[in-house]
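Open your viewer and keep the selection box ready. We will start at one spot and then work outwards.

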Amino acid sequence: MVAIEMGLFKQIVTSSRRSVLPLLALGVVAGCAHEERPLPPPQPRVVQRAPLPPNQGVSAARYVAESGSIDLFVIRSSQLALERSGSPRVRQLASMLIEAHRGTSAQLSFAGRRLNLLPSATLQPSHQALLNQLLSAWNFDAAYLTFERNAVREAFALDRAYETAGRSPTLRPVAAERAAVMQRELAQLS
């Protein structure tokens with residue numbers, strides 16, 4: 001009788017192994033099939049700037065200060081792109097932007113000197129915040145292109161506003177030339 005019970009026990013264990021083992025294997029495979037997905041890259045935050053007053057024009061001092069800060073931001077962020085980007089397209093674009101904004105910055109400084117208004121050698125807080133964000137960007141190239149597009153759009157709007165409603169006859173032609181440069185840059189950044 002003990003032999004029959006042992007045989008029956010072996011049969012139960014063997015048959016349960018057959019039914020349990022596939023379930024265990026299925027559980028292991030299901031556990032391995034869990035795919036970890038990386039977190040999506042953080043979206044660059046754009047610091048909002050105070051809008052230009054409608055139909056009141058922009059003062060010469062504000063125009064020089066903001067235009068100078070935009071030029072400085074584009075130059076510094078583009079120098080950073082030359083150091084960090086592996087994309088030939090981004091590096092080429094960065095080189096072009098550096099050259100263009102050194103030129104617009106020189107024109108602004110020359111005209112500003114005649115009015116005793118020199119652009120600052122430091123970034124305005126909003127542009128400094130953008131540069132800080134770019135320094136820690138997870139996807140550098142995407143953040144760089146986004147920030148450049150926004151900076152050039154900001155410069156284009158400022159230049160157009162000063163060209164049409166600015167009070168200084170010395171700065172209005174500078175604004176017109178800068179607007180043309182910004183328009184070409186926007187086409188290349190699209």
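Select Arg153. This residue is found in helix α5. Keep in mind that the model is predicted.

Is Arg153 buried, partly exposed or exposed? Its relative accessibility is 46%. Buried means under 20% and exposed means over 50%, so Arg153 counts as partly exposed.

Now add Leu186 to the selection. Along the chain, Leu186 and Arg153 are 33 residues apart. In space, 7.2 Å separates their C-alpha atoms.

Next, select residues 140–165. This is the whole of helix α5, 26 residues. How far apart are its end C-alpha atoms? The distance is 37 Å. At 1.5 Å a residue, the helix should span 38 Å, so the two values agree.

Stay on α5 and colour its buried residues. Among them are Phe140, Ala143, Tyr144, Leu145 and Phe147. Further along, pick out Ala151, Val152, Ala155, Leu158 and Tyr162, which are buried too. Glu148 and Asp159 also belong to this buried set.

What do these buried residues pack against? Show four helices: α2 (60–84), α3 (88–114), α4 (125–135) and α6 (172–189). The buried residues of α5 pack against each of them.

Finally, zoom out to the whole protein. Count six helices and zero strands. Read along the sequence, the pattern is α-α-α-α-α-α. Of the 190 residues, 34% count as buried.

Turn on contacts between residues at least 6 apart in sequence. Of these, 76% join residues at least 24 apart.

Last stop: the surface. The accessible surface comes to about 11700 Å². Carbon and sulfur atoms account for 60% of that surface.

Technical notes. Residues numbered from 1 in each chain as written. Predicted model: local features only at pLDDT ≥ 70, side-chain atom pairs only at ≥ 80, totals over all residues. Heavy atoms only, no water. Helix = DSSP H or I, 4+ residues; strand = E, 2+ residues; numbered from the N terminus. Expected span 1.5 Å × (residues − 1). Buried < 20%, exposed > 50% of the residue type's maximum accessible area, 1.4 Å probe, protein only. Contact = heavy atoms within 4.5 Å. Areas by Shrake-Rupley, 256 points an atom, 1.4 Å probe, with all protein chains shown as cover.
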